[in-house]
Amino acid sequence: MIRVVVVGAGFGGLEVAKGLARAPCEVLLVDRRNHHLFQPLLYQVATAALSPANIAVPIRGIFRRQPNCRVLLGEVSEVALEAREVVVAGHRFAWDYLVLATGSRTFYFGHDEWAAHAPGLKDVDEAVDLRRRFLLAYEDAELEDDEERRAATMTFAIVGAGPTGVEMAGALAEIGRKTLTRDFRRVDTRRSRVVLLDMAGRVLPGMSERLSARAARDLEALGVELHLGARVLGVDAGGVDYEQDGAQGRVASRNVVWAAGVRASPLGEALGLACDRQGRFEVGDDLAVPGRPALFAIGDLAARVDPRNGRQVPGVAQGAIQMGRFVARVLRAEVAARAAGRPAPARGPSSTATRARWRRSAATGPWPRSTASSSAGPWPGWPGRCCTCGSSSASAAGS
């Protein structure tokens, strides 16, 4: 029996495993956690709008009715490419196809010491810790007699103006100015500051300029202070030092959130294959690693460029989902051919069979008919629609 091993049960990994439900193969899904996390809503857990249980679903429950999928809790410690095996908790599992969907981690650009004062937001534990810090900040301000220290306590500095930073900044500003205004007696929560810093010249730099400008206007309307083109020099318990337009400045804050940088999980670099500066694989049109057609990398592990505009595909859920569905289609075709003793069909946009599948997806699936976009392939940016609601992936990520 052909075995497909999927490492990572994020958005992309889930789509691959679910897409092989009726394929004549065994699927082994490995993840170091026993739940799938809806990461786009982590900021709502961090701002006390949602409970962690609302955004976490047991992985085994998702695949309860899929008999060809086995879920394994553990962390992959070794990938043997030549022997085609993965090692999980000392056990070796063979694979015919391997899909790496291990996501990304918080990256401090070589300054890991900043993590103690500027936590990231990549999992439930970090979201709960940020929620605790955020709620206690107002409690501490209520007790604080020194005006300067009180102002620093009620100042929230967010480093990074990507989707996570923009969402956090907007939520914190709205809570301070609208939600908590009658809950405290000594402090006026409307005087709280939310400062958003980024080295880029605009918010949401991975999105279009039109959406970026709209997001900036909305943030400023909420009272968020934007420091764009600002390079962070240091982070300590008292705030953030930065440089902007040749001048140095400081945001006095006892609550700093790091949403500036991510790096692909270390599993990719551990394989010794060619990666870009962020640890991502330069994948081909079929999302396979060049020279290794049985090894796929999707989501944050894939350095994928949108063929329409030449920009790097944003690391958002919609992109990972579309990548996962595409790889599942490729594997279904190849697994079925191998099971029937036929040659594997050609991959990529040049394949007539693949084009036919795309046309059927356009007619019945979430993508609109588009002959102009069909030549690009169904990776993120094809044709730039959210795979769940049909809206543009850029606007869905920034909402």
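Here are some short exercises on this predicted model, each with a worked solution.

**Exercise 1. Get the overall picture: how many helices and strands does the protein have, and what share of its residues counts as buried?**

Start with the secondary structure, which comes to 12 helices and 20 strands. Next, look at burial: of the 399 residues, 51% count as buried. Finally, check how far along the chain the contacts reach. Take the contacts with a separation of 6 or more, and residues 24 or more positions apart account for 60% of them.

**Exercise 2. Find the largest nonpolar core and say which helix gives it the largest share.**

Begin with the size: this core has 54 residues. Then pick out the residues with the most contacts inside it, namely Leu29, Leu98, Val99, Leu100 and Leu331. Now ask where the core residues come from. Helix α9, residues 317-339, supplies the largest share, with six residues. Another core lies apart from this one; it has 40 residues, including Leu121, Ala137, Met207 and Val224. As background, nonpolar side chains in soluble globular proteins tend to be buried together.

Now zoom in on Leu98. Leaving out residues up to four places away in sequence, Leu98 touches Val5, Val7 and Val79, along with Val86, Ala294, Leu295 and Phe296.

**Exercise 3. Work out how α1 and α9 pack: are they roughly parallel or roughly antiparallel?**

Two packed helices are described by the angle between their axes and the distance between the axes. Step one is to read off both values: α1 (residues 11-19) and α9 pack at about 30 degrees, with axes 7 Å apart. Step two is to apply the cut-off: angles under 35 degrees count as roughly parallel, so α1 is roughly parallel to α9. Step three is the handedness, and this crossing is right-handed.

Step four is to list who makes the contact. From α1 you get Phe11, Gly12, Glu15, Val16 and Gly19. From α9 come Ala317, Ala320, Ile321, Gly324, Arg325, Val327, Ala328, Leu331 and Arg332. Sort them by class and you have eight nonpolar, three polar and three charged residues. Leu331 should ring a bell, as it is also among the residues with the most contacts inside the 54-residue core.

**Exercise 4. Compare two loop residues, Pro119 and Ala161: where do they sit, and are they buried or exposed?**

Take Pro119 to begin with. Its loop runs between β10 (104-106) and α4 (124-143). The cut-off for buried is under 20% relative accessible area, so Pro119, at 10%, counts as buried. Its partners beyond four places in sequence are Tyr108, Asp129, Leu130, Arg133, Val256, Val257 and Trp258. Asn255 is 136 residues away along the chain, yet the C-alpha atoms of Pro119 and Asn255 are separated by 9.4 Å.

Now Ala161, in the loop between β11 (155-159) and α6 (163-179). With a relative accessible area of 0%, Ala161 is buried. Among the residues Ala161 touches are Val166, Leu196, Asp198 and Pro205. The C-alpha atoms of Ala161 and Ala260 are 6.9 Å apart, with their positions 99 residues apart along the chain.

**Exercise 5. Look at the backbone of Phe109 and Asp245: what is phi in each?**

Phe109 has a positive phi of about 55 degrees, although it is not a glycine. Phe109 sits in the loop between β10 and α4. Asp245, also not a glycine, has a positive phi near 55 degrees. Asp245 lies in the loop between β15 (239-244) and β16 (247-252). At 74% relative accessibility, Asp245 counts as exposed.

Definitions and conventions: Residues numbered from 1 in each chain as written. Predicted model: local features only at pLDDT ≥ 70, side-chain atom pairs only at ≥ 80, totals over all residues. Heavy atoms only, no water. Core = buried A, V, L, I, M, F, W, Y, C linked by side-chain atoms within 4.5 Å. Buried < 20%, exposed > 50% of the residue type's maximum accessible area, 1.4 Å probe, protein only. Helix = DSSP H or I, 4+ residues; strand = E, 2+ residues; numbered from the N terminus. Contact = heavy atoms within 4.5 Å. Axes fitted to C-alpha atoms, helices over the stretch in contact; angles between N-to-C directions. Parallel < 35°, antiparallel > 145°, perpendicular 65-115°, else oblique. Left-handed = near helix turned anticlockwise from the far one by under 90°. Nonpolar A, V, L, I, M, F, W, Y, C, P; charged D, E, K, R; others polar.
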